[in-house]
Amino acid sequence: MKVGQIRQSLSGFYDVYADGQLYRTRARGNFRKRKITPLVGDQVEFDSTTPQEGYVLKVLPRQTQLVRPPVANVDLAIVVTATTPQEFSTNLLDRQLVALGVAGIDAVIYFAKTDLLSDADYQDRQTLAAAYRKIGYPVICDRTAFSEAALTMVKRALAGHVAVVMGQTGAGKSTLLNHLEPGLALATGEISQALNRGKHTTRKVSLIPVADGLVADTPGFSSYEVFDIAANELTHYFPEFVRLSADCKYRGCVHINEPHCAVKAALDAGQLLTSRYDNYLQFYETIKNKKVVYNKKK
Ligand SMILES: Nc1nc2c(ncn2[C@@H]2O[C@H](COP(=O)(O)OP(=O)(O)OP(=O)(O)O)[C@@H](O)[C@H]2O)c(=O)[nH]1
Ligand SMILES: [Zn+2]
């Protein structure tokens, strides 16, 4: 019996990486009956007679589990954010950060297409980058796209992690992956196409070694997915609110209508990003409305 990690899954075959090589395996017969589906990223116990033939015997406990892409044990996401005025949206960025927080996955923000910005817009993005760093999110923002410094930062962030790349269509995900790992030669625009194709077919999913980490070759869950939390939990996923909320008068303060709210005080004093608070309010309403619709149906 060996222990390894599933690095690729394709039509019922699992390629397991152990002691420096890949072993092609299949799931043991009783997995289907027991409704166990091994996922890329899983640590597994397996048996193999040759590198071409073996069986997964047991899936070891998972740290995290994503549906899109179907990968286990992801602990980091590179949030590729296009910074051009036409594409840039703090709303989308914050939504992705909340979704990652809910999934228990750390985020690193990568500002893409900075080379296309005017000096004024670049200044603005840099100011925002500094504000997000202050909140606690690492941000990679370099005037020169794919500069060695920027790529080195991404590689450092990846070291020792299982990561997904996320971001809207055309944000620059494949382009970044290609710069990180030139051998990949992903066609630009390929990633989202693959996502659409993936809806009804079993698609190949792989973890690609990049620098000293692993990156899924399929992008992370859509940021349009609704948060699976109650509205009053949303505040937990805004780290800067969490730090302040100890000073809110009411325990369980959601920082909207409550008096003596430390978050609103900080906002009024200009200590928080207005966009973060506005996005918080919008997400809060979205979650509330979702609940209303859900209850009506019942
Ligand atoms: N100037 C500039 N162009 C970029 C940059 N990053 C990506 N692009 C271009 O933006 C377009 C979209 O990039 P992709 O890497 O395909 O974006 P993606 O996020 O993988 O897109 P989907 O696969 O559709 O989800 C391509 O034409 C890239 O060449 C950048 O940093 N600077
Ligand atoms: Zn409050």
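Through how many residues does the hairpin join S4 to S5? Good morning, colleagues. The model before us is a predicted one, and the hairpin is where I shall begin.

The connection between S4 and S5 is a hairpin of two residues. Strand S4 covers residues 43-50, and strand S5 covers residues 53-59. These two strands run antiparallel and are joined by six bridges. S4 also pairs with strand S1, residues 2-10, again in an antiparallel manner, through four bridges. Phe46 illustrates both pairings: its bridge partner in S5 is Val56, and Phe46 is itself the partner of Lys2.

Let us turn to helix H2, which comprises 14 residues, from 90 to 103. From first C-alpha to last, H2 reaches 20 Å, close to the 20 Å expected at 1.5 Å a residue. Its buried residues include Leu93, Leu97 and Leu100. After H2 comes Gly104, with a positive phi near 75 degrees.

Finally, I draw your attention to a site taken from a record. An unreviewed UniProt entry places the feature "binding site" at Cys248, Cys253, His255 and Cys261. Cys253 lies in the loop between helix H7 (239-245) and helix H8 (262-268), and His255 lies in the loop between H7 and H8 as well.

Why does Cys253 count as buried? Cys253 does so because it has 22 C-beta neighbours inside 10 Å, where the cut-off is 20 or more. His255 is likewise buried, with 24 other C-beta atoms within 10 Å.

Leaving aside neighbours within four places in sequence, Cys253 is in contact with Cys248 and Cys261, among others. On that same basis, the contacts of His255 include Cys248, Cys261 and Phe241. Thank you for your attention.

Definitions and conventions
Residues are numbered from 1 along each chain as its sequence is written. Chains are lettered from A and ligands numbered from 1 in the order in which they are written. This is a predicted model: local features need pLDDT of at least 70, side-chain atom pairs count only at pLDDT 80 or more; totals for chains, interfaces and linings use all residues. Two strands pair if DSSP finds at least two bridges between them. The expected span of a helix is 1.5 Å times one less than its number of residues. A residue is buried if 20 or more other C-beta atoms lie within 10 Å of its own, exposed if 12 or fewer, and partly exposed in between; C-beta atoms are placed from the backbone. UniProt positions are given in the numbering used here, feature names are shortened, and annotations may be inferred rather than shown by experiment. Two residues are in contact if their C-beta atoms, placed from the backbone, lie within 7 Å.
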